[in-house]
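Here are some notes to keep beside you on a first visit to this structure. They take one topic at a time, so feel free to pause and look at each place as you read.

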Amino acid sequence: MLRKTFKISSVSGFNFLVKNILVFLIFDIFNYSNRTFYIFILIYVFIQSYFLHLRFTLKKSVGFNSFFIFSRINLVLIIVDYVIFSLINKYFSFVVISTLLITVFVHSIRVMLFAKEMD
């Protein structure tokens, strides 16, 4: 289980960095306040995550079955991520901090779900 967690965390950690750097640049540095742009960040990270998880965690080739497995795990998590993001950022002005907290929560759930698929 420790090896699985490390593999999942490595890929998710990279995605975590990319997502939070994009959020920081777009919302905090450039002060772009349109929350719908967060959806585009999530879509980009979803696609990047799909290819990285196929290569390093799921050890599957690109195809319908692998996309279905990956999507089944991640689409619900993306929706949860966006809903929490929208709710928190109505009342909290530091977008990157809220994104960090949300990502830690979602990552914990993702590790448990991916560990089941790696068996």
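1. Let us begin at S33, which sits in the loop between α1 and α2. Is S33 buried or exposed? S33 counts as exposed, because its relative accessibility is 65%, and the cut-off for that word is over 50%. Although S33 and V95 are 62 residues apart in sequence, their C-alpha atoms are 9.7 Å apart in space. Please keep in mind throughout that this is a predicted model.

2. F30 belongs to that loop too, the one between α1 (2-29) and α2 (37-58). F30 counts as exposed, because its relative accessibility is 63%. Between the two residues discussed so far, you may like to look at the backbone of N31: this residue follows α1 and has a positive phi, near 55 degrees.

3. F30 also has a part in a surface feature. Which residues form the nonpolar patch on the surface? They are L17, I21, F24, L25, I29, F30 and Y32, and together they have about 700 Å² of accessible area. As a wider background, nonpolar side chains in soluble globular proteins tend to be buried together. For the protein chain as a whole, the exposed area is about 7,300 Å², with carbon and sulfur atoms supplying 74% of it.

4. Now for the buried side of the first helix. In α1, the buried residues are I8, V11, S12, N15, V18, K19, N20, V23, I26 and F27. Two of these names, V23 and F27, come back in the point about the core, and K19 comes back in the point about the salt bridge.

5. How many salt bridges does a search of the whole structure find? The search finds one. In this pair, the side chains of K19 and D81 meet at 2.5 Å, N to O. The salt bridge links distant parts of the chain, since K19 is in helix α1 and D81 is in helix α3 (residues 64-88), 62 residues apart. K19 is buried because its relative accessible area is 5%. D81 is buried as well, because its relative accessible area is 4%; the cut-off for buried is under 20%.

6. Next comes the largest nonpolar core, which has 22 residues. Which residues have the most contacts inside this core? They are V23, F27, Y38, I41 and F85. Each of α1, α2, α3 and α4 (95-117) supplies at least two residues of the core, and α2 gives the most, with seven. For a closer view, try F85: leaving out residues up to four places away in sequence, F85 touches F27, R35, Y38, V95, T99 and I102. V95 is also the residue whose C-alpha is 9.7 Å from that of S33.

7. Polar residues have buried places here too. N74 lies in helix α3 and counts as buried, because its relative accessibility is 2%. Not counting residues up to four places away in sequence, N74 touches F46, R110 and F114. S49, a residue of helix α2, counts as buried because its relative accessibility is 5%. With the same sequence neighbours left out, up to four places away, S49 touches N15 and F70; N15 is one of the buried residues of α1.

8. For a residue of an intermediate kind, look at L75 in helix α3. L75 counts as partly exposed, because its relative accessibility is 43%. The C-alpha atoms of L75 and I47 are 11 Å apart, while the two residues are 28 residues apart along the chain.

9. Finally, step back to the whole chain. What does the secondary structure come to? There are four helices and zero strands, and from the N terminus on the elements run α-α-α-α. The C-alpha trace spans about 40 × 30 × 20 Å along its principal axes. The radius of gyration is 14 Å, which agrees with a compact globule, because a globule with 119 residues would have a value near 14 Å.

10. Two further figures complete the picture. Buried residues make up 38% of the 119 residues. Among the contacts with a separation of 6 or more, 68% come from residues 24 or more positions apart. The salt bridge of K19 and D81 is a good place to see such a link between distant parts of the chain.

Methods: Residues numbered from 1 in each chain as written. Predicted model: local features only at pLDDT ≥ 70, side-chain atom pairs only at ≥ 80, totals over all residues. Heavy atoms only, no water. Patch = residues over 30% accessible without salt bridge, like charges linked within 9 Å, V, L, I, M, F, W, Y side chains within 5 Å. Areas by Shrake-Rupley, 256 points an atom, 1.4 Å probe, with all protein chains shown as cover. Salt bridge = Lys/Arg side-chain N within 4 Å of Asp/Glu carboxyl O. Buried < 20%, exposed > 50% of the residue type's maximum accessible area, 1.4 Å probe, protein only. Core = buried A, V, L, I, M, F, W, Y, C linked by side-chain atoms within 4.5 Å. Contact = heavy atoms within 4.5 Å. Rg over C-alpha atoms; globule rule 2.2 N^0.38 Å.
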